[in-house]
Structures are given as structure tokens and as C-alpha cells.
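Student: Please take me through the features of this model one at a time. I would like to begin with cavities.

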Amino acid sequence: MKRTCRRLLPAAAGAAVLAAVGVTANAVPASGPDELPLAGMRILISNDDSMQVAEANNSDGLGLYELRRAMCAAGADVVVMAPWQVQSGKGTAVTNSGVLTTQRRTTLPAGYGNDCAGAPSGGAVFGVCLSDGPCVKDTPGATPADTVKLALRGGLKAKAGWTDAPDLVLTGINSGPNVSAQVNDSGTVGAAIAAVDEGVPALAFSSAGDETEADFPRENYRAGAEFAARFVAGLRERSLFTSEFVLKVDHPDVSSGHPAGAPRWTSVGHGKVVWHTYEESGENSFDIGFGFCEERPGDPCTETSKNTDAEALYGEHRISVAPVTADRTYGAKTPRPGALRKIRHYVEHEAPHV
């Protein structure tokens with residue numbers, strides 16, 4: 001079959017909170033009328049883009065700092081543990097041997113140094129690398145799932161003094177959306193799945209780039225982060241945090257001045273919005289390319305399912321919210337459909353939007 005994607009870029013460029021719905025998480029006191037909406041919550045943030053913020057196109061962690069900023073502004077206590085290097089496309093991969101090192105970042109990116117100054121943990125940011133020693137420029141990064149598993153299985157206790165699990169894990173904000181078939185590859189989603197595997201509620205946030213999908217404007221991350229803070233606050237107010245599945249949230253491009261439409265409850269599509277290409281470049285070698293499906297009827301990468309995340313994001317310019325579970329058993333029944341119904345109702349009728 002002919003591939004019809006347009007090649008653009010090289011690959012390099014735990015107490016009961018929810019007893020009403022039967023889900024467990026750490027107890028969090030409800031906010032009083034004069035409190036910030038996330039006051040009293042402890043949140044772990046990770047991603048797959050790293051914590052570096054060194055690339056001119058904002059693809060290596062700027063969204064993480066915008067998410068950290070918004071959560072602290074809403075009153076949460078935040079700790080970041082993220083891959084040392086970019087780990088995009090790693091899915092749920094884990095490292096099976098060696099040593100992981102957590103290295104605290106003492107000088108944060110310009111403009112983000114005081115965002116969490118009033119939080120008990122100070123918004124500490126740790127990069128996690130695969131090294132028996134300090135993380136340096138070229139040290140390999142831990143995978144996204146590594147960072148969350150490490151944090152929840154001792155890292156947060158050792159580095160932040162959190163003797164219990166956090167109340168919530170947030171991953172992202174990813175540089176680029178995670179929709180359709182590439183959700184299976186997403187380290188952003190994979191890290192969130194690692195959290196629910198440990199019994200901790202998790203949400204995975206991603207943002208579209210600009211019209212070229214090669215640059216990721218700060219305003220997109222900021223809009224996504226501010227939505228995230230209000231969205232999480234609404235979930236908390238309604239006691240809707242759950243560790244039965246991940247909520248995957250994708251925010252459209254707003255950098256051209258077109259605001260995001262209201263959130264839409266979606267399913268994960270089966271199309272291939274993003275397509276990896278492999279072109280022979282030598283006797284035994286293939287160059288890896290990266291492109292986007294042109295979505296023409298009949299093309300093998302085109303979405304054919306209905307009510308999908310990609311349709312909401314690209315076709316309707318709306319925020320897509322989809323439930324993603326680590327249980328890959330085909331035809332498995334939802335064990336507590338009431339929780340799913342309540343969260344869907346929130347997304348469709350009560351969630352914040354512009």
C-alpha cells in the first residue's frame with residue numbers, strides 16, 4: 001500500500017477519597033471557601049520531554065514547567081521527577097538493570113524559579129538519568145515509566161520526605177498531541193499508566209504545536225496548564241479522582257488566537273495521525289523519518305473510527321478527554337462503570353472551558 005504521509009521532521013528533531021465510586025487514593029481535605037482549589041494536595045509531575053528546556057522550539061520540557069507553575073498557583077505541593085534526556089516515544093518501557101540517579105536542578109529556566117516558593121517541597125525538580133554517578137550533558141535519561149515507578153517506590157520518600165504516595169500524578173504537558181494509534185507509543189501516557197498501576201490517580205496532558213507542528217509556543221502550554229489546574233480542581237471538588245484508568249487530555253493550538261473549544265469526551269482513535277517512515281540509506285541501514293497522515297479517504301493511515309480524540313482535537317478544535325486503561329484485555333468490562341459515567345458527565349457538562 002502506498003504511504004501518503006508528508007515527511008516533515010527527523011526523529012531526533014493511597015486512604016479513600018472516592019468511596020462513592022469505589023476508587024482509592026490518598027485522603028485530601030476539601031478546600032474551604034477561602035482556600036486555593038488544590039490546597040493540601042501533593043502532586044508528582046513527570047513527562048517524556050525531559051526537564052532541560054534547552055531547545056529553541058520548546059520541545060524538551062517547557063510544558064512541564066508551565067504545568068508545575070499552574071499547579072503551585074492553585075495551591076498544590078509539587079515535586080517533579082522527569083527523564084534527564086528527551087524520551088519521547090518510549091511508551092511504558094522500563095529499564096531492567098543498572099543504576100538510576102536523581103539529580104536536583106538548582107537553577108530553573110528563566111521565569112520559573114519562584115513559581116512554587118510557597119509550597120512545602122518548593123516545587124523541587126529532579127532529572128533522572130541512567131548512571132552510577134552524576135547526570136551530565138550526554139548521560140542517558142531514564143524512561144518516563146522509570147521516573148514514576150522510582151518516585152512512587154522510594155524516590156519521593158528519599159528526596160522529598162513524602163512517606164505516603166502523592167495524591168495525584170500528572171504527566172506532560174507533552175510537546176505535541178498524543179492521539180490515535182500513537183497513544184501506544186506515548187511516554188506521556190506510559191508514565192501515567194505506571195502511576196495507576198501503583199494505585200495512584202493520574203492524568204496525562206499533551207498540547208498541539210503551532211500550524212507547522214514543529215514549534216511549540218509557550219502560549220499553548222500555558223493555556224493547557226491553566227485548563228489543567230481548573231480541570232483537576234473540578235475533579236477534586238466532585239471526588240472524581242480514580243486510579244482505575246488514566247485521563248488523557250489533549251489541548252489544541254491556540255497560538256494563532258483561535259481559542260480551544262469546550263472539552264469533549266472521546267475514544268482513542270485507530271488512525272495514524274503521526275507516521276514513522278523507514279527509508280533505505282545504505283546496504284543495511286534505514287533512516288527514520290517522521291510525518292503526518294494527510295487523512296485522505298482510503299489511505300491506510302486515515303482515521304475511520306467515530307468520536308475520536310483526533311477528530312475532536314483537529315476537526316473541531318476542542319479539548320479531547322479520553323479514558324485510557326492499562327488493561328489491554330479485549331472485551332473486558334468496566335469494573336465500576338459508575339465512576340466512568342460520573343467523570344464523563346463532568347467532562348461533557350461541567351468541566352471548565354473558555
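Tutor: A cavity is a set of points on a 1 Å grid over the protein atoms alone where a 1.4 Å probe fits but cannot get out; its lining residues have an atom within 4 Å of a point. Points are joined across faces, edges and corners, and the volume is the space filled by probe spheres set on them. The model is predicted, so local features need pLDDT of at least 70 and side-chain atom pairs pLDDT 80 or more, while totals for chains, interfaces and linings use all residues. Residues are numbered from 1 along each chain as its sequence is written, and side-chain values use heavy atoms, without hydrogens or water.

Student: What is the volume of the largest cavity, and which residues line it?

Tutor: The largest cavity has about 50 Å³. Its lining consists of Leu168, Pro201, Ala202, Leu203, Leu235, Leu240, Phe241, Thr242, Phe245, Leu247 and Ile343. Sorted by class, 10 are nonpolar, one is polar and none is charged (nonpolar: Ala, Val, Leu, Ile, Met, Phe, Trp, Tyr, Cys, Pro; charged: Asp, Glu, Lys, Arg; polar: the others, Gly among them).

Student: What lines the second largest cavity?

Tutor: The second largest cavity, of about 40 Å³, is lined by Ile173, Phe205, Ser206, Ser207, Gly224, Val249 and His251. Its lining has three nonpolar, four polar and no charged residues. Strands E7 and E8 (246-251) each give two or more of these residues, and E7 provides the largest share, three. Helices (H or I, at least four residues) and strands (E, at least two) are DSSP runs numbered from the N terminus.

Student: Where is Ile173, and which residue shares a cis peptide bond with it?

Tutor: Ile173 is in strand E6. The cis bond links Gly172 to Ile173, with omega of about 5°.

Student: In what order do the strands of the sheet run?

Tutor: Strands of a sheet pair through backbone hydrogen bonds, parallel or antiparallel. Two strands count as paired if DSSP finds at least two bridges between them. Here nine strands make an open, mixed sheet, ordered E4-E5-E3-E2-E6-E7-E8-E12-E9. Strands E4 (100-104) and E9 (261-265) are at the edges with a single partner each, so one side of each has no neighbour in the sheet. From one strand to the next the twist averages 20°. E2 (residues 42-46) and E6 (residues 168-175) run parallel, joined by four bridges; Ile45 stands opposite Leu170 in E6.

Student: Which strands does helix H1 touch?

Tutor: Helix H1 (residues 62-73) packs on the sheet and touches E2, E3 (77-83), E5 (125-130), E6 and E7 (202-207); contact means heavy atoms within 4.5 Å. The directions of H1 and E6 make about 140°. Axes are lines fitted to C-alpha atoms, for helices over the stretch in contact, and angles between N-to-C directions run from 0 to 180 degrees.

Student: How many salt bridges are there?

Tutor: There are 14, counting a side-chain nitrogen of Lys or Arg within 4 Å of a carboxyl oxygen of Asp or Glu. One of them joins Arg69 and Glu226 (4.0 Å, N to O). Arg69 is in helix H1 and Glu226 in helix H4 (residues 218-237), so this pair ties together parts 157 residues apart in sequence.

Definitions and conventions:
1 Å grid on protein atoms, 1.4 Å probe; cavity = no way out; pocket = protein on both sides within 12 Å on 5 of 7 lines; lining within 4 Å.
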